[in-house]
Amino acid sequence: MTYYNQSPDPLTYLWLQLDQNLFRKDSDTALTAPAPSLERPTFETLDTLVNRDFDGGFQIASVTNATGKPLPHTIVKTMMRIDLPAPLAPGKSVVFGVAWSYNINDAKRLGGRSGYEFFPKDGNYIYEIAQWFPRLAAYNDVSGWQHKQFLGSGEFTLEFGNYKVRITAPNDHVVGATGVLQNPQAVLSPTQLQRLEQAKTASAPVLVVTPAEAKAAEAGKPTGTKTWVFHAENVRDFAFASSRKFIWDAQGHRSGAQPVLAMSYYPNEGNPLWAQYSTAAIIHTLNLYSRYSFDYPYPIAISVNGPVGGMEYPMICFNGPRPEPDGTYSARTKYALISVVIHEVGHNYFPMIVNTDERQWTWMDEGINSFLQFLAEQEWEDNYPSRRGEPKNMVEYMVAPGHDPIMTNSESVKELGNNAYGKPATALNILRETVMGRELFDFAFREYSRRWKFKRPMPADFFRTMEDASAIDLDWFWHGWFYTTDHTDLSLDDVRHYTLDTKNPETEKTLQRQQQTAAPTTLSAERYRDTPKLVEQNPALADFYNRFDPLAVTPADREEYQKVLGTLTDKEKALIGANKNFYVMRFSNVGGLVMPIILKLDYVDGSSEELRIPAEIWRRDASRVSKLVITDKVLAQVTLDPKLETADTDLSNNFFPRKPVMTRFQLFKQQQQTTPNPMQQLERKPGTDAPRPQGPGL
Amino acid sequence: MRRWLAVVVLLTGLAPVAADAHKFYVSLTTIDHNVGEQSLEITMRLFADDLERAVARETGKPLTHGQPGFDAAVLAVVQRALTVRQADGRPVTLTWVGLENKVDVTWVYVEAPKVPSTAGLTLRDTIFMDLFPDQVNMVHVKDARGRRALDFRGGDSFKPF
């Protein structure tokens with residue numbers, strides 16, 4: 001390795017990451033694992049608990065300088081310090097070598113972000129190899145060396161570099177890797193070379209290795225080895241996959257000026273899904289992510305099927321979903337595959353190019369990437385079943401007391417999926433759709449991506465750039481969504497209706513009479529209504545007051561009104577005559593999270609309109625605000641957040657007048673008690689459980 | 001003994017027990033006390049693949065949503081995992097309301113009738129803990145006293161409602 005000191009500081013030592021030491025029996029990860037539940041453990045669980053026989057971790061044979069002389073080094077758990085003979089000055093470089101080895105983990109049994117999968121049916125393996133060599137730790141302006149120990153959740157951050165890698169494999173293996181294959185003539189057959197060439201301009205994936213050829217390789221034996229040579233430039237890591245089981249397809253693509261080869265490697269077990277969706281999803285991802293950030297700068301983009309459920313490396317990622325052994329698959333598996341390919345290929349942009357630090361801030365790549373994944377899914381097909389992105393899907397998590405703020409270190413988060421993927425993805429979607437608007441958000445987000453491409457942003461760099469490029473003050477938003485565990489629960493407490501006192505006795509006294517008539521009759525008054533009254537039977541007892549109607553318009557009233565009119569200007573008369581309705585709406589912030597107030601105003605004439613009030617309304621008092629709405633028409637109903645865009649956790653206080661809001665449970669139960677709709681009846685297959693109002697009788 | 005072995009063979013054929021890079025073992029259960037009905041209304045949001053695994057373990061054969069016997073097996077899984085106890089220690093009975101499948105998530109609805117008050121109730125949710133050592137079960141309870149969140153991990157005992 002040649003290490004260039006691009007920092008302004010002289011370095012007396014270097015730190016390298018030894019990620020495989022996670023699998024050592026004495027690793028912090030192993031020693032600090034929480035006790036699992038021991039009620040009815042599966043044999044599989046028992047096996048992994050009892051038979052801790054895997055001898056994992058790096059064996060470091062030597063660390064030497066350019067002339068082969070040993071360099072002093074110290075291993076600290078998952079990190080290794082190499083002491084330099086002399087401080088490495090800024091702008092200078094040092095050459096050193098490490099000789100190492102490690103046992104590859106069974107990824108199906110022990111988990112991990114890389115490893116092997118064994119196929120008992122044909123006796124073959126798929127290898128997905130990553131975090132496989134001592135990698136340089138990052139040295140940055142903010143915290144110096146980033147050498148927080150690898151505990152398993154906080155993935156990593158790294159330095160950019162150029163790689164030249166030679167991989168020697170059995171000669172019937174197909175190898176895919178970060179980087180461009182340098183010796184295709186030496187490792188591919190003339191037919192394969194020709195297919196690969198054809199793929200570059202094809203409009204659909206071209207099979208470089210066909211399913212039949214992969215099947216034939218599974219049944220055969222290697223007769224020797226082949227060495228595959230790859231070069232990769234300006235990447236923060238290098239990973240590869242190798243198997244004789246691989247089918248290999250490829251399709252050319254162009255991202256701006258950059259020609260890209262999108263390729264998938266998968267066993268026959270991956271079909272039919274993989275042939276149809278993997279490479280198509282790679283290209284869809286490159287198109288969409290490039291539109292929202294920058295052109296894809298690498299010549300290769302690979303998706304591999306093997307034991308790892310989903311993990312990203314530069315130019316290559318590992319994706320798990322596969323059909324059933326009988327070749328059928330559920331909708332869940334299909335969408336899981338498309339989603340995970342989008343997600344992992346998308347990680348090329350965040351954090352492989354915009355080099356955020358997942359060891360410290362998981363949300364900066366997982367959250368931002370999950371947000372773009374949602375946009376890509378929504379452009380894949382109508383009503384794509386996205387797991388994350390829609391505000392209403394985040395309500396249950398956010399309303400729960402006791403969860404962690406997004407700005408929490410990767411290893412100390414209780415629910416990493418909701419915390420670092422779901423909530424930030426939802427926050428960014430709300431920022432785009434509700435707070436900033438698509439145009440301003442997209443411009444600012446592209447600027448963030450462009451500004452921090454091949455650099456190392458911290459959270460504040462993201463926050464700052466989004467404001468810098470948009471002129472929208474988002475301090476309140478970052479504070480509420482990223483630093484607190486508040487949730488959205490705005491309440492429309494009441495709406496008061498005012499009209500102007502016109503002083504016109506004809507108008508006002510008519511109105512008063514209407515109000516009197518509309519007022520409820522008391523029970524006693526109602527019961528006495530038909531009782532004979534003394535004054536009616538004895539008219540001598542009646543006087544002026546029995547005949548007086550206080551709401552009748554008198555000549556004195558009219559005279560008084562003309563006098564008032566005489567003092568008014570024409571403009572004042574017009575204002576009074578405009579007949580406006582004044583509505584004073586009072587809101588309270590129950591959940592603590594400040595959000596814009598989105599209102600739907602329904603009028604008695606059947607028309608409606610939307611009123612969007614920015615979050616700045618809360619700046620004087622974040623707990624209570626009021627708003628005056630002046631209309632020509634009379635309101636019938638006001639609804640807060642009518643399109644469920646703010647993740648409001650309690651809809652029962654979103655209506656004025658109030659409307660009953662049923663819980664999910666109550667909605668479901670009510671629906672169960674009515675006859676199934678035509679779609680439910682059509683979708684029910686013969687011989688399956690019919691929806692029943694009662695239980696299964698247990 | 002023979003039956004147990006059959007279960008082992010089946011389970012090793014299913015999804016891996018170890019955590020994938022982006023797989024999280026979390027369930028969310030909402031329990032609302034309905035004062036009018038004197039019942040607990042329980043909604044569980046479960047990952048559909050985890051539930052199918054638990055059902056396979058329960059019945060000894062793979063079953064998917066919509067197949068005969070699936071609902072009954074889900075109720076058995078839920079009744080074993082979610083326990084609500086009265087103040088005197090007696091468990092309340094959970095009855096079936098139904099389930100909804102939404103691609104990767106299954107919503108399960110069960111009900112506990114004849115619960116006039118939540119005073120003294122305790123509960124525990126161990127769903128999927130036998131399958132996944134990392135399983136975390138969140139339970140949100142809501143009654144006249146307000147809203148509270150409980151979380152259950154392996155080895156956790158009963159917690160007050």
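The following legends describe close-up views of side-chain contacts and backbone details in a predicted model.

**View 1. An edge-to-face pair of phenylalanine rings, A:Phe160 and A:Phe454**. Over all chains, a search of the whole structure finds 53 aromatic pairs. In the pair shown here, the ring centres of A:Phe160 and A:Phe454 are 5.2 Å apart and the planes stand at 70 degrees, so the arrangement is edge-to-face. A:Phe160 belongs to the loop between strand 11 (144–146) and strand 12 (161–170) of chain A, and A:Phe454 to the loop between helix 12 (438–452) and helix 13 (459–468) of chain A, so the contact ties together parts that are 294 residues apart in sequence. A:Phe160 is partly exposed, at 23% relative accessibility, and A:Phe454 is partly exposed as well, with a relative accessible area of 24%. The backbone of A:Phe454 also deserves attention, as this residue has a positive phi of about 60 degrees although it is not a glycine.

**View 2. The neighbouring rings of A:Trp476 and A:Phe477**. The centres of these two rings, A:Trp476 and A:Phe477, lie 5.6 Å apart with their planes at 90 degrees, and the pair is therefore edge-to-face. A:Phe477 is buried, its relative accessible area being 0%.

**View 3. Charged side chains over aromatic rings**. The charged end of A:Arg664 sits over the ring of B:Trp107, at 3.5 Å from the centre of that ring. Within chain B, B:Lys159 lies over the face of B:Phe152, 5.0 Å from the ring centre.

**View 4. A salt bridge between chains A and B, formed by A:Arg40 and B:Asp130**. The whole structure contains 55 salt bridges over all chains, as found by a search. In the one shown, the side chains of A:Arg40 and B:Asp130 meet with an N to O distance of 2.7 Å. A:Arg40 lies in the loop between helix 1 (28–31) and helix 2 (43–50) of chain A, whereas B:Asp130 lies in the loop between strand 6 (122–125) and strand 7 (136–143) of chain B, so the pair joins two chains. A:Arg40 is partly exposed at 33% relative accessibility, while B:Asp130, at 11%, counts as buried.

**View 5. A salt bridge within helix 6 of chain A, and the network around it**. A:Glu218 and A:Lys215 form a salt bridge in which the closest N and O atoms are 3.7 Å apart. Both residues, A:Glu218 and A:Lys215, lie in helix 6 (residues 211–219) of chain A and are three residues apart, about one turn of the helix. A:Glu218 counts as buried at 8% relative accessibility, whereas A:Lys215 is partly exposed at 41%. A network of salt bridges links A:Lys215 and A:Glu218 with A:Lys121, A:Asp122, A:Lys245 and A:Glu269.

**View 6. A salt bridge between A:Asp468 and A:Arg451**. The side chains of A:Asp468 and A:Arg451 meet at 2.8 Å, N to O. This pair links distant parts of the chain, with A:Asp468 in helix 13 and A:Arg451 in helix 12 of chain A, 17 residues apart. A:Asp468 is exposed at 51% relative accessibility, and A:Arg451 is partly exposed at 29%.

**View 7. Backbone details in loops of chain A**. The peptide bond from A:Asn271 to A:Pro272 is cis, with omega near 15 degrees, and A:Pro272 lies in the loop between strand 19 (258–266) and helix 7 (273–292) of chain A. A cis peptide bond also joins A:Phe350 and A:Pro351, where omega is about 15 degrees; A:Pro351 is in the loop between helix 8 (331–346) and helix 9 (362–378) of chain A. A:Leu644, although not a glycine, has a positive phi of about 50 degrees, and A:Leu644 is partly exposed, with a relative accessible area of 34%.

Note on methods: Residues are numbered from 1 along each chain as its sequence is written. Chains are lettered from A and ligands numbered from 1 in the order in which they are written. This is a predicted model: local features need pLDDT of at least 70, side-chain atom pairs count only at pLDDT 80 or more; totals for chains, interfaces and linings use all residues. Side-chain values use heavy atoms; hydrogens and water are left out. Rings of Phe, Tyr and Trp (its six-membered ring) pair if their centres lie within 6.5 Å; planes under 30 degrees apart count as stacked, over 60 as edge-to-face and the rest as tilted. Helices (H or I, at least four residues) and strands (E, at least two) are DSSP runs, numbered from the N terminus. Buried means under 20% relative accessible area, exposed over 50%, partly exposed in between (1.4 Å probe, protein chains only). A charge sits over a ring if NZ of Lys or CZ of Arg is within 6 Å of the ring centre and within 35 degrees of the ring normal. A salt bridge is a side-chain nitrogen of Lys or Arg within 4 Å of a carboxyl oxygen of Asp or Glu.
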